[in-house]
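Hi,

Here is the structure I promised to pass on. Have a look at it first, and then read my notes underneath.

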Amino acid sequence: QVQLVESGGGLVQAGGSLRLSCAASGSIFSGSFMGWYRQAPGKQRERVAGIRSGDTTSYADSVKGRFTISRDNAKNTVYLQMNSLKPEDTAVYYCAVLQLGGPYWGQGTQVTVSS
């Protein structure tokens, strides 16, 4: 009953930028926590950033100062602006929503940062 679709991934050089989008549909509560996670090959999925009611945000230490999460409640969309990308940011990025019945995950979008 909840569907999340990520977009905006791609291949960029180190130092470049990308903006990821996650469009949510279905029974999404406007105040639900939404976040971005990533999983690199051979590694476990980790949380990158989160946003909740009141637009309170949180970030992994590795991306602080470089990534910004935001949301458009009218569109049920969450964004991740990624600047100053590094090769270690290479991963599949997933968005998620946390609410009763969840968490729910998108299918992921590949981000590759070349040296």
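Below is what I found, going from the core outwards to the loops.

One thing before you start: this is a predicted model.

**The core**

The largest nonpolar core has 30 residues. Leu4, Trp36, Leu80, Met82 and Tyr93 are the ones with the most contacts inside it. Plenty of strands feed into this core: strand 1 (2-7), strand 3 (18-26), strand 4, strand 5 (46-52), strand 7 (67-72), strand 8 (77-82), strand 9 (91-98) and strand 11 (109-114) each give at least two residues to it.

Take Leu4 from that list. Setting aside neighbours within four places in sequence, Leu4 is in contact with Cys22, Ala23, Ala24 and Met34, and also with Cys95, Ala96, Val97, Tyr104, Trp105, Gly106 and Gln107.

Leu18 is worth a click too. This residue sits in strand 3 and is buried, because its relative accessible area of 12% is under the 20% cut-off. Beyond four places in sequence, the contacts of Leu18 include Gly8, Gly9, Gly10 and Val12, then Leu80, Gln81, Met82 and Leu85, and finally Val111. As for Trp36, its C-alpha atom is 14 Å from that of Leu18, with the two positions 18 residues apart along the chain.

**A buried arginine**

Which side chains does the side chain of Arg38 make polar contacts with? One is Glu46, at 2.9 Å, and another is Tyr93, with a polar contact of 2.9 Å as well. Arg38 belongs to strand 4 (residues 33-39). With a relative accessible area of 6%, Arg38 counts as buried, since the limit is 20%.

If you list what Arg38 touches, again without residues up to four places away in sequence, you get Gln44, Arg45, Glu46, Val48, Ser62, Val63, Phe67, Glu88, Asp89, Ala91, Val92 and Tyr93. Tyr93 therefore turns up twice in these notes, as a polar partner of Arg38 and among the core residues with the most contacts.

Arg45, one of the residues that Arg38 touches, is in the loop between strand 4 and strand 5. Its relative accessibility is 33%, so Arg45 is partly exposed, falling between the 20% and 50% limits. Apart from residues up to four places away, Arg45 touches Tyr37, Arg38, Gln39, Tyr94 and Trp105. In case you want a distance to check, the C-alpha atoms of Arg45 and Arg19 are 20 Å apart, and the two residues are 26 apart in sequence.

**The cavity**

How many cavities of 30 Å³ or more are there? The count comes to one, and the space in the largest cavity is about 40 Å³. Its lining is made up of Ile28, Phe29, Ser30, Met34, Arg71, Asp72, Asn73, Asn76 and Thr77. Sorted by class, that lining has three nonpolar, four polar and two charged residues. Met34 links back to the core section, as it lines the cavity and is also in contact with Leu4.

**Backbone oddities**

A few torsions to look at:

- Asn76, one of the cavity-lining residues, has a positive phi of about 50 degrees although it is not a glycine. Asn76 is in the loop between strand 7 and strand 8 and is partly exposed at 25% relative accessibility.
- Asp55 also has a positive phi, near 60 degrees, and is likewise a residue other than glycine. You will find Asp55 in the loop between strand 5 and strand 6 (56-59), partly exposed with a relative accessible area of 47%.
- The peptide bond from Gly102 to Pro103 is cis, with omega near 15 degrees. Pro103 is in the loop between strand 9 and strand 10 (104-105).

**Towards the end of the chain**

Last one: Thr112, in strand 11. Thr112 is partly exposed, with a relative accessible area of 27%. Where does the chain bring it together with residues from elsewhere in the sequence? Leaving out residues up to four places away, Thr112 touches Gly10, Leu11, Val12 and Thr90. Between the C-alpha atoms of Thr112 and Ala14 there are 9.4 Å, although the two residues are 98 apart along the chain. Val12 shows up for Leu18 as well, as one of its contacts.

Cheers

How values were computed:
Residues are numbered from 1 along each chain as its sequence is written. This is a predicted model: local features need pLDDT of at least 70, side-chain atom pairs count only at pLDDT 80 or more; totals for chains, interfaces and linings use all residues. Side-chain values use heavy atoms; hydrogens and water are left out. Helices (H or I, at least four residues) and strands (E, at least two) are DSSP runs, numbered from the N terminus. Buried means under 20% relative accessible area, exposed over 50%, partly exposed in between (1.4 Å probe, protein chains only). A polar contact is a pair of N or O atoms within 3.5 Å; within protein, one must be able to donate a hydrogen and the other to accept it, and residues adjacent in sequence count only if both atoms are side-chain atoms. Contact means heavy atoms within 4.5 Å. A nonpolar core is a set of buried Ala, Val, Leu, Ile, Met, Phe, Trp, Tyr and Cys residues joined through side-chain atoms within 4.5 Å. On a 1 Å grid over the protein atoms alone, a cavity is a set of points where a 1.4 Å probe fits but cannot get out, and a pocket is an open set with protein on both sides within 12 Å along at least five of seven lines; lining residues have an atom within 4 Å of a point. Grid points are joined across faces, edges and corners, and a volume is the space filled by probe spheres set on the points. Ala, Val, Leu, Ile, Met, Phe, Trp, Tyr, Cys and Pro count as nonpolar, Asp, Glu, Lys and Arg as charged, and the others, Gly among them, as polar.
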